[in-house]
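Work through the exercises below with the model open. Each task is followed by a stepwise solution.

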Amino acid sequence: MRRIHLLFVVLLLTVVGLSVAWYKYDTLGFPLTPDRETETWTVEAQIEVNPGTAPASVRFALPSDPPHYTLLDEGFVSRGWGLTTQSSDRQREAVWTKRSPEGNQTLYYQATVYRDQEEIQPSPYPGPAAAPTLEEPLKSAAESFVEEIRAGSADIQTFATLLVKEVNASRPNENIAAFLKPDATETERTRLAIRLLAIARIPARMSHGVMLTDEGRNLTPTTWLEVHNSRRWVPIDPRTGSVGYPRQFLVWWHGDQSALATSGLQDVGLTFATTRNLRDAVETAQLQSSIAESRLMDFSLLDLPIDAQNTYRVLLLVPLGALIIVLLRNLIGIRTFGTFMPVLIALSFRETQLVGGVVLFTLIVALGLAIRFYLERLKLLLVPRLAAVVIVVILLMALISIVSHRLGLDIGLSVGLFPMVILAMTIERVSIVWEEHGAGDALAQATGSLVVAAMAYLVMVNAYVTHLFFVFPELLLVVLAFTLLVGRYTGYRLTELFRFRAFKTLAQARRPDPPGDDR
């Protein structure tokens, strides 16, 4: 029963830890590796206005939840103009107003977008499209054309694709030739496709957007076609009939109207400029989580002050170092002085570096051990003796720092970062083991402690490990689960297989020979 309870707790902790980490990686976009940058785009709309003498107003459509992209940030530059933003029926717009405009002026809108991996979300079916009113013989020609396309298609998507190809054919079908001008623009052809789709009762609409190009200037909007397949809006290229938006196409607004609606202006012009940027992936994920209003990020370490963040970057590695000690002691069988002394020594190695830390640690313990043997002759009680060892350790650390500074060795100055109490306790325990079990056993445990500290240090200074446990601290639940699982292991350790191999040899030697074949 206890075993099943333990396995249940381990499984629960593992599932919770990995599920939360996967949600943050897959949905919120937090990177698994440090120094990763994500591609963001800055799009700037420039509206050049030539006002008259009357009060002027400019209404400009703004991007609203564009497919495949997330709006991270936006800003306006409109000196002297009043600005309001409003939303209506999935379309946002900015409204600039000015009572007495003078001279040519330029209004700016700038947006920063990030491409996510989300597919186009399902949307409610708007209902069958209203059929347009046509006079004969155009009505019969359009219905005949629609029936021909329907006969050669399998569903709404293929119907719309075939229809668009026929509308853009160099020699269009005779039934729709009457609807097309020889010099019809892309917008007019798209508008015709929407009318023909309406005859088939298929809802369709225009969309307009900007092709994102690095250092793009004087860009103009591109028209696209969307049809509703009863589940979601499907984008179709109105020129070729291909399905889907290009990777770098940012949908700006929907509908058969201009992005600008003005009053009191003599002239107005709209152009776009785009540029590609690289942004820290963690910062981008934070902005994306804030926009998505994820409640999980209310408990994120990334919102703490920088000093607190740096502290937790170190503290979150201590459980990992403790797990390494558990593995090396319980499964490998390496003996150490104390349970967590190697972890604290490994933390101090972060400042002294590995080789310098090992040398300084060995030097202090050796000198302290010599003085500890002298104190043994004074027959002191335990607490005064420990206090004396702590005082001696501090004096040795100060002496090493001074001598190193005189010799121009900066590494000796970092000896002050060693945990002095742990050093004093290590010296005390080495001396006790030395007296009770001999020098060999004491040196073996001291060497084991240094080996474990070095291994913990190599893991804890790894930039990928530091990033992973700071951005995904819920992984500590997995570390806890694994520690609980190892805590129930009572079998042989790896070193014991070598330690007791003589018994195995002796048992094999005493095993009687199998009886021979008498036949």
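**Exercise 1.** Locate S78 and describe its surroundings.

Solution. Step 1: S78 sits in the loop between β3 and β4 (82-88); strands here are DSSP runs of E with at least two residues, and helices are runs of H or I with at least four residues, both numbered from the N terminus. Step 2: the relative accessible area of S78 is 15%, so S78 is buried (under 20%; exposed is over 50%, partly exposed in between; 1.4 Å probe, protein chains only). Step 3: leaving aside residues up to four places away in sequence, S78 touches L83, W96 and L107 (heavy atoms within 4.5 Å). Step 4: the side chains of S78 and W96 make a polar contact at 2.9 Å (a pair of N or O atoms within 3.5 Å, one able to donate a hydrogen and the other to accept it; residues adjacent in sequence count only if both atoms are side-chain atoms).

The model is predicted: local features need pLDDT of at least 70, side-chain atom pairs pLDDT 80 or more, while totals for chains, interfaces and linings use all residues. Residues are numbered from 1 along each chain as its sequence is written, and side-chain values use heavy atoms, without hydrogens and water.

**Exercise 2.** Which strands are joined to β6 by bridges?

Solution. Step 1: β1 (residues 37-51) runs antiparallel to β6, with ten bridges; pairing requires at least two DSSP bridges. V43 has A111 as its bridge partner. Step 2: β3 (residues 69-77) is also antiparallel to β6, through eight bridges, and F76 stands opposite Y109. Step 3: eight of the eleven residues of β6 (residues 105-115) are buried, so the strand is largely enclosed by the rest of the structure.
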